[in-house]
Amino acid sequence: MTFYYRLYYNSSSLEGGFYSINTEQIKKLPIIIDNMAKNEIIKVVNSLNDNYNEFDFNLLNDLVYNIYSLNTDEIKLIEDYCNEFFIK
């Protein structure tokens with residue numbers, strides 16, 4: 001989602017590589033998911049809000065990649081793009 005957000009909202013990140021995202025921007029994201037996947041994403045996002053950690057961040061990315069059935073090359077393209085702009 002970082003790739004999409006950066007591309008369509010042409011926004012720079014805040015300190016630490018995070019974005020300030022408002023509700024209206026989230027509502028416009030092209031996410032089509034079933035309830036089970038939605039509930040899993042909500043669970044991971046809530047966990048990240050409580051305590052940011054690399055494991056949950058990577059899990060969230062993987063959930064989104066699965067929703068869109070991205071292949072290895074597409075995932076690599078997105079991650080390479082994002083790695084250019086964020087400090088790991």
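**View 1. Just past the end of helix 4 sits S69, with a positive phi.** In this predicted model, S69 follows helix 4 and has a phi near 50 degrees. The helix itself runs over residues 54-67, 14 residues in all. From the first C-alpha to the last, helix 4 reaches 20 Å, close to the 20 Å expected at 1.5 Å a residue.

**View 2. At the start of helix 4, N53 reaches over to F55.** Look for a side-chain oxygen of N53 here: it comes to within 3.3 Å of the backbone nitrogen of F55.

**View 3. Here is the buried part of helix 4.** The residues tucked away are D56, L60, N61, L63, V64 and Y65. What covers them includes helix 3 (35-50) and helix 5 (72-83).

**View 4. K43 and E40 form a salt bridge in helix 3****.** The model has two salt bridges by count, and in this one the closest N and O atoms are 4.0 Å apart. Both residues belong to helix 3 and sit three residues apart, about one turn of the helix. K43 is exposed, at 54% relative accessible area, while E40 is partly exposed at 28%. Residues three or four places apart point the same way because an α-helix has 3.6 residues a turn.

**View 5. D80 pairs with K76 in helix 5****.** This is a salt bridge too, with 2.6 Å between the closest N and O atoms. D80 and K76 are about one helical turn apart because four residues separate them in helix 5. As for D80, its relative accessibility is 36%, so it counts as partly exposed.

Technical notes:
Residues numbered from 1 in each chain as written. Predicted model: local features only at pLDDT ≥ 70, side-chain atom pairs only at ≥ 80, totals over all residues. Heavy atoms only, no water. Helix = DSSP H or I, 4+ residues; strand = E, 2+ residues; numbered from the N terminus. Expected span 1.5 Å × (residues − 1). Buried < 20%, exposed > 50% of the residue type's maximum accessible area, 1.4 Å probe, protein only. Contact = heavy atoms within 4.5 Å. Polar contact = N/O pair within 3.5 Å; in protein donor to acceptor, adjacent residues only side chain to side chain. Salt bridge = Lys/Arg side-chain N within 4 Å of Asp/Glu carboxyl O.
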